[in-house]
Each structure stands twice: as C-alpha cells, then as structure tokens.
Amino acid sequence: MSATLLDGKKLAETVRNEVRVGVAEFTKTHGRPPGLEVILVGEDPASQIYTRNKEKAAKEVGIRGKLHVLPADTSEDALLRELDRLNNDDTVDGILVQLPLPKQIREQRVLDAIRPDKDVDGFHPVNAGMLASGRPSLVPCTPRGSMRLLDLAGARLEGARAVVVGRSNIVGKPMAQLLLAANATVTMAHSRTKDLAAVCREADVLVVAVGKAELVRGDWVKPGAVVIDVGMNRIELAPAKDGEPAKTKLVGDVAFDEAKERASAITPVPGGVGPMTIACLLDNTLVAARARVAAKNG
Ligand SMILES: Nc1nc(=O)c2c([nH]1)NC[C@@H]1CN(c3ccc(C(=O)N[C@@H](CCC(=O)O)C(=O)O)cc3)C=[N+]21
Ligand SMILES: [Mg+2]
C-alpha cells in the first residue's frame, strides 16, 4: 500500500488565495497594501532565486513586496542601519533577512534587531518566547505550513505520539511547540539521540528537519504514520563532465520511496513543505499588518 501524497504546492495555492482576499480587504480599508521587505546580503545563487520568488509571491497576492540586495561585504553595522530604517517605516509590515548571512555578520545580532511586530519569520526571541508561553504571535513559517499539511492529512494530534527530528530555532523547536499546543506527546530528537530509528518508530506523526539527505529510512516509519519531510538536499546524480553541468536532484531528509510504503500520508520534496513556507510567509505579513494597524488604533 502506498501513502497519500500531501500536495504542498496545491495547498499553498489555497492559502495564497485566502491571503489574496485578506490583502484586498486590508488595502481597501487602510488605503495601502501590506508591505514586505526582504533583505539578501550577498550573491549566493540559490538565495537569489529564493528571495526573488518571495518578492514575486508577495506581489502576486497584492502585497507590496520589495527585495533589497546588499553586497556580500556589507558590514553588520550597515545592515543594522538598514533594519533601523525599515523598523521605523510605517508602510513596512514585514521584514525578512535571508539566512544564512556572510561570516562578518552575527546572525543573532541581526535577528534581535528586527522589531518583533514586523518579524514575519517569527525568529525574534520575543516571538519564540511568546510561542513557548502559549501566546503565539508571529509563528515561524515552516512549522505553520507543516501544521497545515498535518491538517490536510487529517492527522489526529490529540494524545498522539509526535517525534520532531531536528532542534533548530527555525523549525524543530517551534514545530515541537505547535504540536504540544495541539495536545500531542512530543519527543524532540536530534543528532545526539541514541537509537534514533527506534525513537522514530514510535511516531504517529514524524517531522524531520535535519538537512541530511534520506537519513530516515522506510523501516524507521511506524505503519500508518504521517510523515512531514522538511529537508531539502541537493544531491549529485552524475558529476560534471564534457562541459555538461553535474546532474543533481532535490531530496528530503526521508527516503521517500521506502517511507511511502509504510506511512499513511507523506510530503514530497519538492512540492511539500517548501511551497507552504512561502505561503505562510505571505499570511504572516498580512497577520503583522493587521496587528500593527490594530495596535495603532488602540
Ligand atoms: N530568513 C529566512 N527565512 C526563510 O524562510 C528562509 C531563509 N531565511 N533562508 C533559506 C530558507 C530556505 N527556504 C525555502 C523556502 C521554500 C522553498 C521552496 O519553495 N522549495 C520548493 C522548490 C525548491 C527547488 O526546486 O529548488 C519546494 O520544496 O517544492 C525552498 C526554500 C526558506 N528559507
Ligand atoms: Mg518541499
């Protein structure tokens, strides 16, 4: 038997359609569209594509999206000054600084400098703390998108065993918080976990976000489990030769062909979590815009 495929591309379209309606209403009511500013430091080709896609996706739903590309040798102070300007610009509702940053810039300094009410990534410690305190405000996009995919799967979370593999501030920790808030029994596993395979086999809901190609094998999946694969790893199928570029392929952190024989539902890579991350970023921008207007109007 083969698992149901959780089509993130299609669900993302549904989410974007919802956001488009909300954006139109916001724009009509407040005389300006929600604004999202994306900052990319440096010329990493993959990051350029991702940030351009974010800008494009924003515009496509009526958000005023703007991409700022700063030179790779931008100083931390210069980036902080740019953030200060955007923090104080009232037409800006969301600010996203694309990660990773060049080595002369301390990531934590930058993330801490984004106003929490404009932090559409949900990476600021205030927003992380609000989520951990059971008062979620701006919630990280990948965990939000993953929860929507679990909802699409019809996964029952109440009392379920959920295992999150990976403990990053960006995905693993906030994902565990959301599952906990949904009354799952949550285990956070990571690179030091003993007998990771056995821990994964306990999971009714398995979320994997470690960045290791096909780490989770089919026999790590409990029969009937719902599997959310957050990984995006580009692997080489054939090396470059005779002037031809290397043949590569995008794979997740889960060995998909094996896991789909055991899971009841599973996300593909690509076309699973990735598109939902972008859709939730747009929704977070709308959420931030509404909250900022509401706060201003008392
Ligand atoms: N401040 C910040 N916020 C982020 O959210 C952030 C970031 N920095 N740095 C990089 C990562 C990566 N990321 C992706 C989101 C969607 C896809 C995506 O849509 N992927 C498609 C296609 C991928 C492809 O074909 O290359 C898919 O999975 O189907 C990919 C990557 C957001 N990130
Ligand atoms: Mg994906």
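**View 1. Helix α2 against helix α10.** A crossing of two helices counts as left-handed if the near helix is turned anticlockwise from the far one by less than a right angle, and as right-handed if clockwise. Here, the crossing of α2 and α10 is right-handed. This is a predicted model: local features need pLDDT of at least 70 and side-chain atom pairs pLDDT 80 or more, while totals for chains, interfaces and linings use all residues. Residues are numbered from 1 along each chain as its sequence is written, and chains are lettered from A and ligands numbered from 1 in the order in which they are written. Helix α2 covers residues 45-60, and its axis runs 10 Å from that of α10, at an angle of about 55°. That makes α2 oblique to α10 (under 35 degrees is roughly parallel, over 145 roughly antiparallel, 65 to 115 roughly perpendicular, the rest oblique). Axes are lines fitted to C-alpha atoms, for helices over the stretch in contact, with angles from 0 to 180 degrees between N-to-C directions. Helices (H or I, at least four residues) and strands (E, at least two) are DSSP runs, numbered from the N terminus.

**View 2. Helix α1 beside helix α10.** Now look at α10 with another partner, α1, which spans residues 8-30. The two axes are 9 Å apart and make an angle of about 20°. That makes α1 roughly parallel to α10. The residues where α1 touches α10 divide into 16 nonpolar, 4 polar and 4 charged (Ala, Val, Leu, Ile, Met, Phe, Trp, Tyr, Cys and Pro count as nonpolar, Asp, Glu, Lys and Arg as charged, and the others, Gly among them, as polar). As for handedness, α1 and α10 make a left-handed crossing.

**View 3. The surroundings of ligand 1.** There are 16 residues around ligand 1, and L99, P270, G271, G274 and T277 come nearest (a residue is near if its C-beta atom, placed from the backbone, lies within 6 Å). Two or more residues of this shell come from each of β4 (94-97) and α10 (273-296). The biggest giver is α10, with 4 residues. Sorted by class, the shell holds 11 nonpolar, 4 polar and 1 charged residues. Domain 1 (31-116) and domain 2 (141-274) both chip in to the shell, so ligand 1 lies between them.

**View 4. The two domains and the UniProt spans.** The domain assignment, which is automatic or taken from a database, splits off domain 1 at 31-116 and domain 2 at 141-274. Their C-alpha centres sit 28 Å apart. UniProt, in an unreviewed entry, puts a "Tetrahydrofolate dehydrogenase/cyclohydrolase catalytic" domain at residues 6-121. That span is 50% helix and 16% strand, and its end C-alpha atoms lie 23 Å apart. An unreviewed UniProt entry also gives a "Tetrahydrofolate dehydrogenase/cyclohydrolase NAD(P)-binding" domain at residues 140-291. For residues 140-291, the end C-alpha atoms are 16 Å apart, with 34% helix and 20% strand. UniProt positions follow the numbering used here, names are shortened, and annotations may be inferred rather than shown by experiment.

**View 5. Two cis peptide bonds and a positive phi.** Most residues other than glycine have a negative phi, and most peptide bonds are trans. L99 and P100 are joined by a cis peptide bond, with omega about 0°. P100 belongs to the loop between β4 and α4 (107-113). Another cis peptide bond links V269 to P270, with omega about -5°. Find P270 in the loop between β11 (265-266) and α10. D195 is not a glycine, yet its phi is positive, at about 50°. To spot D195, follow the loop between β6 (185-189) and α8 (196-201).

**View 6. Helix α6 crossing helix α7.** Here α6 (residues 141-153) and α7 (residues 172-181) bring their axes within 8 Å, crossing at roughly 40°. That makes α6 oblique to α7. The crossing of α6 past α7 is right-handed.
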